[in-house]
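Work through the exercises below with the sequence and the 3D view open. Try each task before reading its solution.

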Amino acid sequence: MESLEQRRQRLMGPNVPTFYRTPLHIVRGEGVWLWDVDGRRYLDCYNNVPHVGHCHPAVVEAIARQASQLNTHTRYLHERVLDYIERLCAKFDHDLSQAIMVCTGSEANDIALRMAEAVTGKTGLIATDNTYHGNTKFVSQLSTRRPPIGGYPGNVRLVPAPDSLRPVGGDLGSQATVFAENVARAIEELEASGHGFAGFMLCPAFANEGLPCLEPGFLDPTVEVVRKAGGLVLCDEVQPGFGRLGDAWWGHEILGFRPDVVTLGKPMANGHPVAAVVTRPDVMAAFREAFGYFNTFGGNPVSAAACLATLDVIETEGLVENARDVGVYTLARLQDLSHPRIGETRGHGLFFGMEFVAEDGVAPATDFAEAVVEGMRDRGILLNRIGRKMNILKMRPPMPFSRSDGDLAVEALGEVLARMPQ
Ligand code: PMP
């Protein structure tokens with residue numbers, strides 16, 4: 001009989017990504033738990049989309065209620081989306097007071113890049129050399145997993161990503177300065193090439209880059225360089241946003257800089273496809289003037305209801321505080337684990353990375369990381385890998401993750417590591 005995997009390939013074509021050597025067939029979720037088709041339960045230590053917990057009843061109910069009353073395109077007046085934008089913008093500690101609602105992080109980043117073009121009248125863009133900002137034609141030019149056919153366009157420059165174990169410039173102490181110098185050099189090149197410089201897009205947790213350990217202020221020299229050149233700082237908060245890092249609602253607050261544009265996505269409505277771009281009125285006005293943007297589904301009444309309910313749950317259940325408390329506790333326990341292949345264990349809030357390295361303490365131990373991910377799955381714990389060489393364990397559970405959930409994950413990881421070759 002045709003398996004689900006074969007059927008997927010027949011109907012969706014080859015190379016559609018799945019996790020694990022044998023993909024999981026998940027049929028139900030609740031809180032931090034997932035169940036597969038055979039009734040086996042897994043602790044979800046990976047998914048940030050079900051931010052307030054899988055199938056949270058308050059979000060499910062809000063979606064159902066609004067869907068049974070009205071859902072339309074977005075060219076009618078409706079208060080719900082405005083209620084949401086008002087509450088969302090109030091979460092920013094500076095002058096980001098307007099938003100565009102869209103459906104995916106990719107769309108949001110596409111708009112952010114175009115905002116930089118609209119404000120500066122230039123097209124040069126900078127990102128790090130180990131990142132992912134989305135899948136549209138425009139945004140994928142900044143993604144390094146699969147270089148664009150025909151190579152990167154002349155208006156794009158990629159600067160070496162920050163790294164805890166292999167710092168840019170070779171030294172942790174000067175990494176922030178060297179990083180900024182590389183951005184300055186990229187700006188000079190863009191200006192010399194005639195494209196000019198429009199903006200620098202970055203994730204403030206450098207999540208896809210491998211979640212390096214960075215001090216507050218790390219980006220200050222870079223932000224200064226970007227501002228001096230007249231470009232925009234475009235902050236992709238798709239992964240760290242909505243309190244994941246525990247100490248603040250947004251990743252940029254942890255590093256302590258003020259972006260011109262912030263993009264949001266994945267966790268925003270607990271699984272309902274909605275995303276947003278938040279910015280200052282002057283940037284918004286320049287963008288609206290240049291592009292006259294419209295999005296059929298973005299911020300429709302059902303999406304807005306899902307967003308509002310998600311925000312309510314984050315607040316009423318104290319999930320940012322939970323991320324801080326459980327994050328500190330779990331990170332300490334993870335850091336107590338030992339194995340010669342562990343190069344560094346790091347994290348912030350409910351976002352953890354454990355980097356595996358070879359005997360020299362630097363070369364990535366990719367196969368080791370893969371074996372650990374598979375071993376954890378066998379023990380009913382779901383997590384995954386990131387990094388240039390996919391050698392960094394990535395744990396990013398739903399926000400209601402508790403201390404005892406952390407205990408389960410750490411104890412399973414200890415058992416898996418104990419069985420791995422030394
Ligand atoms: N930015 C970052 C940092 C992401 O990790 C992702 C998705 N992995 C995106 C943008 C794109 O979001 P979406 O898949 O919703 O288009």
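**Exercise 1: The core**

Task: In the largest nonpolar core, which residues touch the most other members?

Solution. Step one: the largest nonpolar core of this predicted model holds 129 residues. Step two: among these 129, the residues that touch the most other members are A112, M115, V183, L234, A276 and A306. Step three: look for the element that contributes most, which is helix 9 (residues 301-316), with 9 residues in this core. Step four: place the core relative to the domains. Domain 1 (4-52 + 318-419) and domain 2 (57-316) each supply residues to the core, so it lies between them.

Task: Which residues is V183 in contact with, apart from its neighbours within four places in sequence?

Solution. Step one: set aside the residues within four places of V183 in sequence. Step two: apply the contact cut-off, C-beta atoms within 7 Å. The contacts of V183 are then I126, V159, F200, T222, V225 and V226.

**Exercise 2: Two domains**

Task: How many residues of domain 1 are in contact with domain 2, and which elements are involved?

Solution. Step one: take the bounds from the domain assignment, which gives 4-52 + 318-419 for domain 1 and 57-316 for domain 2. Step two: the centres of the two domains, taken over C-alpha atoms, are 25 Å apart. Step three: the contacts join 27 residues of domain 1 to 27 residues of domain 2. Step four: on the domain 1 side, two or more residues come from each of helix 10 (319-336), strand 11 (342-347) and strand 12 (352-356). Helix 10 gives the most, 5 residues. Step five: sorted by class, this side of domain 1 has 13 nonpolar, 9 polar and 5 charged residues.

**Exercise 3: The ligand shell**

Task: Which residues around the ligand come nearest?

Solution. Step one: 16 residues surround the ligand. Step two: the nearest of them are T104, G105, S106, G134 and V238. Step three: helix 4 (residues 105-120) provides the largest share of the shell, 3 residues. Step four: the classes in the shell are 10 polar, 4 nonpolar and 2 charged residues.

**Exercise 4: A hairpin**

Task: In which sense do strand 1 and strand 2 pair, and over how many bridges?

Solution. Step one: strand 1 (residues 26-30) and strand 2 (residues 33-36) are antiparallel, with 4 bridges. Step two: R28 has W35 of strand 2 as its bridge partner. Step three: 2 residues lie between the strands of this hairpin, and G31 has a positive phi near 60°.

Note on methods: Residues numbered from 1 in each chain as written. Predicted model: local features only at pLDDT ≥ 70, side-chain atom pairs only at ≥ 80, totals over all residues. Domains from an automatic or database assignment. Nonpolar A, V, L, I, M, F, W, Y, C, P; charged D, E, K, R; others polar. Near = placed C-beta within 6 Å. Core = buried A, V, L, I, M, F, W, Y, C linked by C-beta atoms within 7 Å. Buried ≥ 20, exposed ≤ 12 C-beta atoms within 10 Å, placed from the backbone. Pairing = 2+ DSSP bridges.
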